[in-house]
Amino acid sequence: MPKPLTITTAISYPNGRPHIGHAYEAIATDVFARAARMMGRDVFFQTGTDEHGLKVAQTARARNIDPQAFVDEMSSYFKQMDDLLGISYDRFIRTSEPGHHGASQAIWEAMAANGDMYTGRYEGWYSVRDEAFYDESELSDGPGGEKLSPQGTPVEWTVEESWFFRLSNYQQKLLDHYAAHPDFIQPESRRNEVLRFVEAGLRDLSVSRSTFNWGVKVPGAPGHVMYVWVDALTNYLTGCGYPYDQERMDRYWAPDGDIVHIIGKDIVRFHAVYWPAFLMSAKLPLPRTIFGHGFLLNRGEKMSKSLGNVADPNELAEAFGVDPLRYFLLAEVGFGNDGSYSAEAIVHRTNTELGNAFGNLAQRTLSFIAKNLDGRLPTPAPTEDDTALLAAVREAAQVEMPRAFEALAPHEAIQAWLRAAYACNAYIDAQAPWALRKTDPARMEAVLATLYVAIAELAIAILPVIPTSATALLDHMGVPPEARSYAGLASDWYDGLLTKGYRIEAPKPLFPRLEVPAETEA
Ligand code: ME8
């Protein structure tokens, strides 16, 4: 049996509405979770909202709302977005849940028991927008001479009583871990950044705040709440049962477990430096991989609220459809790189790839079977051309695609899928079944049966990316649920894919042609 997989997104700050970057991360992680389930794995997929900290507290105060009431409302927009986009999370966690407070206090106490916590006075730079402390040497000067963080956000000089975590004790242990586990930080560029940062030396980390109270209380230290990243990172453990449910921990957070965090490139330091140090200190297992994906830019410009170009994922899904949006985001951008999106690019890719290369292929083939074979699938004697096509499709659908999803390379999976779809198009043009109808009906049957199998396999293999449309197609084709996995396909080309006695009818178009909405035209 393959190991269980624990896979997570970052948890989002609910201080504003979700944007396309949040949607991108949720969709990519959902695709990995769905693909792993189709490989027969026991998957725990968690996402949620990161509700404490100064940023959320300040936004609530500015709106004159109690922080809890504020996050109750804002968190619901993230959950709604996930549900709209078909995100198959097993748990949507909110860090204001009481169980999460308990888990954060438990890891704090475990770190304290290890001798890693002490009190002191913090004096230094803090960015509320990043919820991050920065060293003077990391800052740059803004246009007005103000200090800016490496992310370009404003920083303020902060002085307060605080608890510290002995991060400096973990420098060598972290470097050893990175060396022994080359896959721990991905992609390579992110790994190099982290190595440089840790090699330069680690200072102890301020891990509590005493000037506001919107957070998890530090055990035994009245007036202190935890630095938001301590409780935020602990969300991953909370969902796995820590510290109350050891059986669940053994299943989803085991010492040799397969734990993957999918996050954006701006928060790799927290996940690849602080988090493993906290876990080592608390004597808990480490994740296998931290993957820092790239940023999505609106036509190449960084999105920000002040630029007024934060695309609402709900609006994009409504304009173009959920599956085209999911497909576009993963096909367009090599996972790990930055990418940009525009209405024109979404429309173009949907029409050419989903519509022409795959949708029309399915439409033509199934209509032909409905019309000329009375909806029945024959069991033909395949020729070399047929087996060559099916071998190519099967290699893509059953070998390359699951392998690429496992390697967190969804764009490679989609490329393999598209190559196979183009091979099917070349095959249908070369075999010309419409001409065979009169000249060689037996051969026509073989061609149609071959195409049926190829399309079914391609629809199964792309299920993680476009679950709604691929499911609709498979239902229409009469492909039984047990065949819809990377493991469960029939060994014989023509057997097992069609439910016995099922009659195929002409389908409706799978991917209606999209137009660029008028207001976004240049
Ligand atoms: O960082 N493109 O929350 P967040 C792609 N609460 N991804 C983007 C993006 C963009 N334009 N903008 C943001 C936080 N992201 C913390 C995480 S985890 C224990 C705590 C990604 O709401 C970002 O990199 O600012 C992060 O992975 C996620 O969206 C949530 O960002």
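Over how many bridges do strand β4 and strand β8 pair? Strand β4 (residues 117–127) and strand β8 (residues 156–165) are joined by ten bridges, and they run in the antiparallel sense. The structure described here is a predicted model.

## The open sheet

The pair belongs to an open sheet of four strands, whose order is β5-β4-β8-β10. The pairing in this sheet is antiparallel. The edges are taken by β5 (132–134) and β10 (205–206). Each of these edge strands has a single partner strand, so one side of each is left without a neighbour in the sheet.

Some individual positions can be followed in the structure. G120 has S162 in β8 as its bridge partner, and T119 stands opposite W163, also in β8. On the way to the edge, β8 pairs with β10 in the antiparallel sense over two bridges. There, F165 has L205 in β10 as its bridge partner.

## The nonpolar core

The largest nonpolar core holds 151 residues. The residues with the most contacts inside this core are W417, C424, A456 and L458. Helix α16 (residues 441–461) contributes the largest share of the core, with 15 residues.

L458 can serve as an example of how the core is joined. Its neighbours within four places in sequence are left aside here; beyond them, L458 is in contact with F358, V393, A397, W417, A420 and A421.

## Helices α10 and α11

Helix α11 (residues 322–332) is mostly covered, since nine of its eleven residues are buried. The buried residues are D323, P324, L325, R326, Y327, F328, L329, L330 and A331. The elements that cover them include α1, α10, α12 (343–372), α14 (410–431) and α17 (467–477).

Helix α10 (residues 313–320) contains N314. Is N314 buried, exposed or partly exposed? N314 counts as partly exposed because it has 16 C-beta neighbours inside 10 Å, a number that falls between the limit of 12 or fewer for exposed and that of 20 or more for buried. Apart from residues up to four places away in sequence, N314 touches M81 and L84. N314 and Y134 are 180 residues apart along the chain, and their C-alpha atoms are separated by 35 Å.

## Around the ligand

The shell around the ligand has 19 residues, of which A10, S12, G21, D50 and G264 come nearest. Sorted by class, the shell has eleven nonpolar, five polar and three charged residues. At least two residues of the shell come from each of β1 (5–12), α1 (20–38), α7 (228–239) and β13 (258–264). Helix α1 gives the most, with four residues.

A record also marks a stretch of the chain by name. In an unreviewed entry, UniProt lists residues 12–22 as a short sequence motif, the "'HIGH' region". The C-alpha atoms at the ends of residues 12–22 lie 7 Å apart. The span is 27% helix and 9% strand.

## Unusual backbone geometry

Most residues other than glycine have a negative phi, and most peptide bonds are trans. The table lists exceptions in this model.

| Place | Feature | Angle |
|---|---|---|
| Q186 to P187 | cis peptide bond | omega near -10° |
| Y242 to P243 | cis peptide bond | omega near -10° |
| N64 | positive phi | phi near 65° |
| K283 | positive phi | phi near 60° |

Where in the chain is P187 found? P187 is in the loop between β9 (185–186) and α6 (188–199). P243 lies in the loop between α7 and α8 (246–252).

The residues with positive phi are also placed in loops: N64 lies between α2 (54–62) and α3 (67–84), and K283 lies between α9 (268–281) and β14 (289–293). N64 counts as exposed because it has 7 C-beta neighbours inside 10 Å. K283 is exposed as well, with 10 other C-beta atoms within 10 Å.

Notes. Residues numbered from 1 in each chain as written. Predicted model: local features only at pLDDT ≥ 70, side-chain atom pairs only at ≥ 80, totals over all residues. Core = buried A, V, L, I, M, F, W, Y, C linked by C-beta atoms within 7 Å. Contact = placed C-beta atoms within 7 Å. Pairing = 2+ DSSP bridges. Near = placed C-beta within 6 Å. Nonpolar A, V, L, I, M, F, W, Y, C, P; charged D, E, K, R; others polar. UniProt positions renumbered as here; feature names shortened; annotations may be inferred.
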